[in-house]
Amino acid sequence: MSTIRTAWLAADGLTSVLEADLAWRGVTIDRWHGRLALSSSKPVYSPWALDIWLNPQVVEITSIRNAADTLRAIQRNWSLYTIDHFRRTALITDKLPPVKAAPLVFPTLPPTSPLGAWTLLDTNTLLFSARKTSPFVNGAPQFVENRTGPPSRAYLKLWEACTRLGRWPTPEERCYDLGATPGGWTWAIANLGAQVTAFDRAPLDPKVAAMPGVFFQQASAFGLEPEKLPAVDWMFSDIIAYPQRLLRLTQNWIASGNTDNIVLTVKFQGETDHEIVAAFEAIPGGSLAHLAHNKHELTFFWNKTAAAENRPTLAGTHLAEENA
């Protein structure tokens, strides 16, 4: 096959979505290796990729030890993506230094140690990349979950978003949660000690509504006039709505100047709207990413300071051309 210059890892069930997005960006996939899209194209950022391998190399190996020695000679930490050859990959993994991948206790910063990725294309062909965009194994952080407090598992999206961002609401900050019911994101924000006002036409889960620092207003997220509301540090939303409405909502909040940060889920019903994705990406200071806890949806990040400095809020979402 042709030289592999980039590999994009799709989320489970979203290979066709990633392929369509890459085609939209002018990238042709040469072949798939499970959920890993292999291409001779230069690295291009796709928000639908859980992880992007930036400098893949293909090496013929003569033995299990030869494979492990090849990886160890480059760096210490390696993560495996595998779809077959399970016994052989397990034996290679046993000869590599262990990667500390214990579940994260939120709030926490993402790992900073360099982490490469590797796989076997066949029994004698090793594909690896010392550099990749995600600090997590296969782009998916694992958390120590709270299975009793939150009313839904949606809180994991907020945890992952804040971990990826490297920032989260602090006790002295004020937040809005739009379309909050049943209250998974409100629960997560309140647990950080921040003050949060939840907006929804339906009431919050009673346990969430009773939490210290939680306030509720019965109102539609789309009926709010952000310029008439008190300014806050964060605006969050995991509301279900058509992407075009979410784009207008986001633009209105940014134009109001009444929030410093936005974390919002862009949900797609049916086909992915690539033009809406491009419109979100064009917002100064904004970034899009598919989180491991997302479904057919992307998370939008925005920061007022990043917008003023004309840089993306989320690091790594505007890839410079690599290996030119």
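## Two domains and their interface

In this predicted model, 19 residues of domain 1 are in contact with 23 residues of domain 2, contact meaning heavy atoms within 4.5 Å. Domain 1 covers residues 6–139 and domain 2 covers residues 154–309, with bounds that come from an automatic or database domain assignment. The C-alpha centres of domain 1 and domain 2 lie 31 Å apart.

Between them, domain 1 and domain 2 bury about 1800 Å², of which 71% is on carbon and sulfur atoms; buried area is the accessible area (1.4 Å probe) that two parts lose on being put together, summed over both. W24, W48 and F106 supply 38% of the area that domain 1 buries against domain 2, more than any other three residues.

Across this interface the rule finds 1 salt bridge, a term that stands for a side-chain nitrogen of Lys or Arg within 4 Å of a carboxyl oxygen of Asp or Glu. E281 forms a salt bridge with R25, and the closest N and O atoms are 3.1 Å apart. On the side of domain 1 that touches domain 2, helix α1 (residues 15–24) gives the most, with 4 residues, where helices (H or I, at least four residues) and strands (E, at least two) are DSSP runs numbered from the N terminus. By class, that side of domain 1 has 15 nonpolar, 2 polar and 2 charged residues; Ala, Val, Leu, Ile, Met, Phe, Trp, Tyr, Cys and Pro count as nonpolar, Asp, Glu, Lys and Arg as charged, and the others, Gly among them, as polar.

## Backbone features

Most residues other than glycine have a negative phi, and most peptide bonds are trans. The table lists two cis peptide bonds, with the place of the proline in each.

| Cis peptide bond | Omega | Place of the proline |
|---|---|---|
| F106 to P107 | about 0° | P107: loop between α3 (86–94) and β7 (116–122) |
| T181 to P182 | near 10° | P182: loop between β9 and α5 (184–191) |

H85, although not a glycine, has a positive phi of about 55°, and H85 is placed in the loop between β6 (78–80) and α3.

## Numbering and scope

Residues are numbered from 1 along each chain as its sequence is written. As the model is predicted, local features need pLDDT of at least 70 and side-chain atom pairs count only at pLDDT 80 or more, while totals for chains, interfaces and linings use all residues, and side-chain values use heavy atoms, with hydrogens and water left out.
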